[in-house]
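Hi everyone, thanks for coming. I'd like to walk you through one part of a structure, so let's put it on the screen.

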Amino acid sequence: MFALTAAIIIASTLLTYGFGNRVLRAHAREQERREIINNLDQLASTLKDAETGQRGFIIVGDESYLAPYDDALKQLPVVIQRIKPREDLGMSQEEVITLKNLIDREMAELQSTIALRHAKDFDAAAAMMRTGQGRQIMDEIRVTVNRLKTQQLAALQKDGEMSDAATRTRTLVFVLAACLNIGFLAWAFRRICRSLEQRDTALGAARARGRELQEQKDLLSVTLSSIGDCVIVTDEKGAIDFMNSEAELVTGWKFAETRGRPASEIFRILNEQNREPVENPVDKVMQHGVVVGLANRTLLIRKDGSEIPIDDSGAPIRNAEGKLCGVVLVFRDFSEHRRNEADLRAAKEKAETANKAKDQFLAMLSHELRTPLTPVLATLNLLEASEEVPASLQGDIQMLRRSIELEARIIDDLLDLTRIARGMLSFSPESTDVHALIEFLIGISQSELREKRLKVSLRLEAALSLIHTDAARLQQVLWNVLRNAIKFTDISGDITITTSNTSDGRIEVEIADTGIGMTRDTISRLFIPFEQADPSRSNRYGGLGLGMAISSALVELLDGNLTAKSDGLGRGSTFTVSFATAKPVPKENGGEPPQPVRAGKARVLLIEDHVDTARALTRLLQNRGYEVRAEQSVKTGLNATHEEKFDIFLCDLGLPDGTGLDFVTQAKLKNDIPAIALTGFGMQQDVERAHQAGFDAHLTKPVNLQKLESTIWMLLQSRR
């Protein structure tokens with residue numbers, strides 16, 4: 001049956017395939033004729049261009065008029081090469097040779113008149129044209145081309161009719177074959193159904209024959225499957241029928257002593273917490289006919305009166321008719337488990353204590369490492385912007401600033417890695433313009449780009465560039481990838497940033513460089529923390545190997561995708577970041593956007609107990625046009641708020657007489673002025689506590705000047 005069905009299907013398939021091939025061959029023949037017609041048209045057009053260029057040059061004498069002729073001269077060999085004899089398509093070798101000879105004569109005539117005109121002999125060139133020889137040759141070419149085209153068009157029409165007929169035949173064969181296959185499949189289906197009915201009948205008979213053994217089989221299977229635990233089996237009245245050796249060991253009773261006695265006399269249990277007797281599970285199973293579990297904290301009273309913690313359950317035993325014919329109790333000594341639980345709790349408490357101590361250490365280490373960097377970075381920013389510093393020192397100052405920023409970035413990477421590993425990284429999704437973010441990052445990277453003379457090409461071609469994500473984390477990802485490209489691209493190299501939209505509604509950001517490139521092994525270890533992609537070059541480029549690992553983890557948490565590829569060492573690298581796009585959110589308030597607050601009009605209260613940091617930040621902000629008052633404690637800071645009006649607060653968290661949290665809580669009771677926490681404490685809990693206390697932003701030391709100013713501007717704008 002199956003062989004016949006398969007043969008029918010294969011035969012119909014081969015028949016359909018054969019007719020399909022006929023259709024395909026007809027279509028291919030039509031395409032070849034169209035190509036011949038197109039080549040003939042292109043030949044006529046090219047010769048016409050050559051003739052036009054020749055005539056223009058003869059008449060005017062200007063070399064520029066020969067441009068069509070020169071182009072035709074270049075294209076003509078290619079066009080002639082495509083026109084080949086095809087006896088099967090009606091293109092005889094004699095016709096092709098005749099056509100090529102005419103073309104050679106025409107081109108020779110054109111070349112002769114052009115040569116005469118080049119010799120400044122217009123009259124001779126004109127006289128040669130008036131002979132009409134060139135026109136006569138061109139007319140012969142046109143006649144020949146039109147004749148060949150007419151032949152091909154007629155043949156094309158005939159081929160099309162044959163193709164249509166073959167298509168109709170193929171369709172008819174396909175329909176007939178499908179009907180035949182469906183008929184045979186229906187026949188086979190009925191045969192299978194009859195076979196299944198016969199099988200079900202046989203299975204029913206087998207079940208009837210095995211019903212006599214079902215009762216003994218149930219008892220044996222339950223007992224054997226539970227042999228590793230304590231097992232007690234009772235009859236339908238609750239009297240003990242069986243007890244295995246494990247049950248004897250735990251209860252202290254021998255099976256010979258318990259046979260025929262009620263299970264409630266042997267299996268006595270108490271609630272460990274209130275010491276009250278617990279209902280015997282055998283009675284519960286026989287009453288409700290279901291599996292029951294022992295209560296938590298259950299104690300078994302052994303024969304000698306000692307107590308032992310146990311767990312597990314009781315289950316009913318039923319015969320083939322479903323009638324309850326006994327109960328099986330399965331339990332185990334829970335003492336070891338209790339000890340393990342106590343050990344686990346102790347280990348957990350110890351680990352939590354150590355983890356808390358580690359977090360406190362990281363927070364303090366972060367603060368102690370960041371605090372001395374802050375005045376250094378602020379002073380370097382001030383010197384970099386100062387006109388009094390000689391130009392010869394600007395490179396050294398920029399080098400020092402980048403080194404300090406690198407140290408701060410390493411600290412941030414270590415803390416970010418800890419947050420990601422513990423799942424404590426916070427996100428604030430918002431509508432973010434990827435193009436604006438890319439342009440911002442290029443702007444703040446200008447000094448590094450100029451130093452290495454790198455050329456950056458922006459191809460922001462994505463029509464949809466808005467995404468809904470955490471802007472700060474996205475900036476961190478793109479910044480890491482861009483810095484990676486700058487770092488590993490040699491002097492005078494190229495970096496290309498391209499954006500595009502995919503068909504599934506995503507935006508892809510591709511950052512490609514012409515740098516040192518990567519091997520497959522390098523790419524496989526690229527996103528592993530603390531792995532140097534190429535240890536042999538780590539001494540040259542440095543780094544802890546955290547940037548790409550953190551970027552990959554952040555992108556995954558932001559529901560994005562980050563990939564890397566390279567054609568090998570010395571052939572550059574390409575990183576691609578993709579996210580789902582979001583629709584633009586219309587602005588709620590119309591009209592003009594608020595005008596930015598000029599720096600000179602912003603009054604800043606700086607509360608910082610570190611003298612060097614306070615002095616450096618004050619000078620830096622004053623140099624940027626801010627009015628700054630610096631205080632060193634919570635008390636003097638609050639007094640300043642009563643004496644003057646300020647536009648914004650910059651406050652350290654660790655102060656001699658309290659914390660910045662105390663200051664902002666009390667200061668905002670009087671006036672809701674924007675406040676920025678400027679601190680060396682950068683753990684996640686520090687950020688959360690700062691926002692809960694009333695800070696509008698949290699910046700970790702040493703703060704980047706551009707980031708500080710942009711945060712101040714944003715908060716001032718939001719208040720306006």
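Let's start with helix α15 (residues 471-487), which lies across β11 (494-501), β12 (506-513) and β14. It runs at about 25° to β12. Before going on, this is a predicted model, where local features need pLDDT of at least 70, side-chain atom pairs count only at pLDDT 80 or more, and totals for chains, interfaces and linings use all residues. Residues are numbered from 1 along each chain as its sequence is written, and side-chain values use heavy atoms, with hydrogens and water left out.

Some vocabulary: helices (H or I, at least four residues) and strands (E, at least two) are DSSP runs, numbered from the N terminus. Angles run from 0 to 180 degrees between N-to-C directions, with axes fitted to C-alpha atoms, for helices over the stretch in contact. Contact means heavy atoms within 4.5 Å.

There's a second helix here: α18 (residues 547-557) packs on the sheet and touches β13 and β14. Its direction makes about 140° with that of β13.

So what's the strand order in this open sheet of five strands? Reading across, we get β9-β11-β12-β14-β13, with mixed pairing; two strands pair if DSSP finds at least two bridges between them. β9 (455-460) and β13 (561-565) stand at the edges with a single partner strand each, so one side of each has no neighbour in the sheet. From one strand to the next, the twist averages 10°.

Now look at that β13 edge. β13 pairs with β14 (residues 574-580) in the antiparallel sense, over five bridges. L562 stands opposite V577 in β14.
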